Amino acid sequence: MTWPYKISSMTSKTNQELRDEANSDRLGFWANQAHQLSWHKPFTKTLDWSNPPFAKWFEDGQINASYNCLDRHVLAGLGDKPAILFEGEPGDTQTYTYSELLEQTKKAANALLDLGIRSGDRVAIYMPMIPETLIAILAVARIGAVHSVVFGGFSADSLRSRINDAQAKLVITADGGFRKGKAHPLKEAVDHALQDNSCPSIEHVLVVQRTNTAVAMEDKDIWWHDALAKAEPEHEAIGFDSEHPLFILYTSGTTGKPKGILHTTGGYLTGASYTHRTVFDLKSDTDVYWCTADVGWITGHSYVVYGPLANGVTQVIYEGTPDSPNFERWWEIIEKFKVSIFYTAPTAIRTFMKVGRAVVDGHDLSSLRILGSVGEPINPEAWEWYHKVVGGSRCEIVDTWWQTETGSIMISPVPHTMQTKPGSAQRALPGITVGIVDENGSPVINSSEGSEAGYLTIDEPWPSMLKGIWGDPERFVETYWSRFPGKYFAGDGARFDEDGDIWLLGRIDDVIKVSGHRLSTAEIESALVEHHWVAEAAVVGAQDEITEQAVVAFVILRQDELGDAPDEEEIGKVLRGWVSEKIGAIARPRQIMVVSELPKTRSGKIMRRLLKDVAEGRPVGDTTTLADSSVMNSINDKLHSSTND
Ligand code: PRX
């Protein structure tokens, strides 16, 4: 086995060298990236693409993701290097060195084995942003089990459906986490999800004590600290096949049911670590890195857990929200820990723009050198503000485009190698081949004036690509690989500018982005019609100054079910609360409009495009295909006389 590296040696090649290498021998390039990791058994085959779209990367190699994130750093003499600088929302802090993180992870791995968890078993993780969450993830991976992290802001119902889809045997949770000055209950939501034996696959619940909130502990519930105290301290990581499942992460698609995106070990870790060191220009062994994403999302998986830890960096983990107790918090943290690389979402930047630069200006942010953006298009005004106010006009900005499915960053500028442009993610990374095609799948014509808008595709397999949708191989082929045969269809619109740089134009399907969180309009509609008052619902993403899009729902009520239901405003409130309860607060509609009809084509399809026009206050577009064109007039009139905000 090899443990080659110092971060500086990992990134000693220039971007141009990487690009040249990838262009002349793409697979050789990826094999070199994979060789930066430590393999228990070296691979001899880089890619098997004989049965597309089912790829096999580094197939005959064996690897352990947890070993790569921990043991090899300790063996290389970096045991005393801080891995996690934790800041709790109430202000408590804790540092974990790589040795300490390894020690805890070994114990946690043994605790999982003691509970009967074995390779291939699924473990749900429903946690706040605390060090134990990373330890839990690494412990699950260490024994070859498969984690399914469910964002702590999702409701008990959402947790239940994810547990059941994956048939998880164990849930790891906490009594709560601190958010906005309060203890946000998590164990209580788990109890609710499991009540009346509604998750029969669950055998145990492991509970981390964080907030000291009183929780009901039943037979199947075990305190994390008790389990770790009893566990053996030593645990030797064994290698698993490169294509061994590493995790499932549920994300929203165009249908009502979230999809369990499956990532496997060797390729995923190669993609996450390569992109992390390349995009963030990880040269310095003294970099302090901070990605503000929650581990419940893919950004947290790839750029809080696997990428940074595989690369052995020191990173900040912050439990709370940016405004707790006030909007100074993030900037205090950057100043305190001397953060040099900062990665966040445009929504956060726009929020701070609105609050005003004074909250940033009062802090010494001179340690910063690279600023990243992710999750949605960053508008040029927000980019400029980020660059000037946060980055002191000194830092490079990397606008990174990617998805849960791609596993790691696909399109992004590489620092110090190109002139960045506010609002453009620019180029596919070395090793990644993307294209933009028209309706018929032909590449858009890219002239000196740029191109028309088209559909973004990824044209060659890449190591961190999703390996399927959990339990649904047909949906995997159908969703991503059938629209433009032979290419991965991302669901985003894009165009080239006159320099050949890529501009992302947002989703072209019924997926919406609210504060960078991915939601499905169909899922929110299904939640709404589950309420007995609602006969029919249509949901659109309307433009929003801060959150990019906001959920606006149009509902037809069931007169026979209303009884003495309150007035429409009250009904709107109840239904907004209902959606929070069914899915999670992030899906709560900004506005609910009660209407008597929805605009439909003659074949009965709801024309969301028209509803979006109404919700965004634009004149309604072409209504000629409507079965009844007067429907839109009545909706329009209504909107201008009511809001529930
Ligand atoms: O529409 C794109 C948008 O986010 C979608 C993927 O969402 P999710 O799977 O939740 O992953 C988010 C974090 C990677 C994409 O289809 N998106 C993500 N990053 C960008 C973006 N849109 C424009 N620019 C970006 N930098």
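Student: Hey, in what order do the eight strands of that open sheet run?

Tutor: The order is E12-E11-E8-E6-E7-E14-E15-E23, and the pairing is mixed. Keep in mind that this is a predicted model.

Student: Which strands stand at the edges there?

Tutor: Strand E12 (221–223) and strand E23 (468–469) do. Each has a single partner strand, so one side of each is left without a neighbour in the sheet.

Student: And what holds strands together in general?

Tutor: Strands of a sheet pair through backbone hydrogen bonds, and they can do so either parallel or antiparallel.

Student: OK, so E7 and E14: parallel or antiparallel?

Tutor: Strand E7 (residues 146–149) and strand E14 (residues 245–251) pair in the parallel sense, over two bridges. If you want a spot to look at, find Ser 148, whose bridge partner in E14 is Ile 248.

Student: Found it! Which strands does helix H8 lie across?

Tutor: Helix H8 (residues 156–166) lies across strand E6 (122–126), strand E8 (170–174) and E14. Relative to E14, helix H8 runs at about 140 degrees.

Student: Let's move on. What's the strand order in the open sheet of seven strands?

Tutor: That one goes E5-E4-E17-E16-E18-E19-E20, again with mixed pairing. Its edge strands are strand E5 (93–97) and strand E20 (396–400), and each pairs on one side only. From one strand to the next, the twist averages 20 degrees.

Student: Does anything pack on it? I mean, which strands does helix H6 touch?

Tutor: Helix H6 (residues 98–114) packs on the sheet and touches strand E4 (82–87) and E5. The direction of helix H6 makes about 85 degrees with that of E5.

Student: How many bridges are there between E19 and E20?

Tutor: Five bridges, in the parallel sense, with strand E19 covering residues 370–374. Along that pair, Gly 372 stands opposite Val 398 in E20.

Student: Now the ligand. Which residues come nearest?

Tutor: There are 17 residues around the ligand, and the nearest are Asp 399, Thr 400, Thr 404, Asp 492 and Arg 518.

Student: What does Thr 400 do there, backbone or side chain?

Tutor: Backbone: a polar backbone atom of Thr 400 is 2.7 Å from a nitrogen atom of the ligand. With Thr 404, an N or O atom in the side chain is 2.5 Å from an oxygen atom of the ligand. Arg 518 has a polar side-chain atom 2.6 Å from an oxygen atom of the ligand.

Student: And how much of the ligand does the protein bury?

Tutor: Taken alone, the ligand exposes 540 Å², and the protein buries 97% of that.

Student: Wow. Which elements each supply at least two residues of the shell?

Tutor: Helix H12 (298–310), E20 and strand E25 (502–507). By type, the shell divides into six nonpolar, five polar and six charged residues.

Student: Last topic: the odd backbone spots. Where is there a cis peptide bond?

Tutor: One joins Pro 52 and Pro 53, with omega at about 5 degrees. Pro 53 sits in the loop between strand E1 (47–48) and strand E2 (56–57). A cis peptide bond also joins Ser 324 and Pro 325, where omega is about -5 degrees. You'll find Pro 325 in the loop between strand E17 (314–318) and helix H13 (329–337).

Student: And what is phi of Lys 180?

Tutor: It is near 50 degrees, a positive value in a residue other than glycine. Lys 180 is in the loop between strand E9 (176–179) and strand E10 (182–185).

How values were computed
Residues are numbered from 1 along each chain as its sequence is written. This is a predicted model: local features need pLDDT of at least 70, side-chain atom pairs count only at pLDDT 80 or more; totals for chains, interfaces and linings use all residues. Side-chain values use heavy atoms; hydrogens and water are left out. Two strands pair if DSSP finds at least two bridges between them. Helices (H or I, at least four residues) and strands (E, at least two) are DSSP runs, numbered from the N terminus. Axes are lines fitted to C-alpha atoms, for helices over the stretch in contact, and angles run from 0 to 180 degrees between N-to-C directions. Contact means heavy atoms within 4.5 Å. A residue is near a molecule or strand if one of its heavy atoms lies within 4 Å of it. A polar contact is a pair of N or O atoms within 3.5 Å; within protein, one must be able to donate a hydrogen and the other to accept it, and residues adjacent in sequence count only if both atoms are side-chain atoms. Accessible areas come from the Shrake-Rupley method with a 1.4 Å probe; for residues, only the protein chains shown count as cover. Ala, Val, Leu, Ile, Met, Phe, Trp, Tyr, Cys and Pro count as nonpolar, Asp, Glu, Lys and Arg as charged, and the others, Gly among them, as polar.
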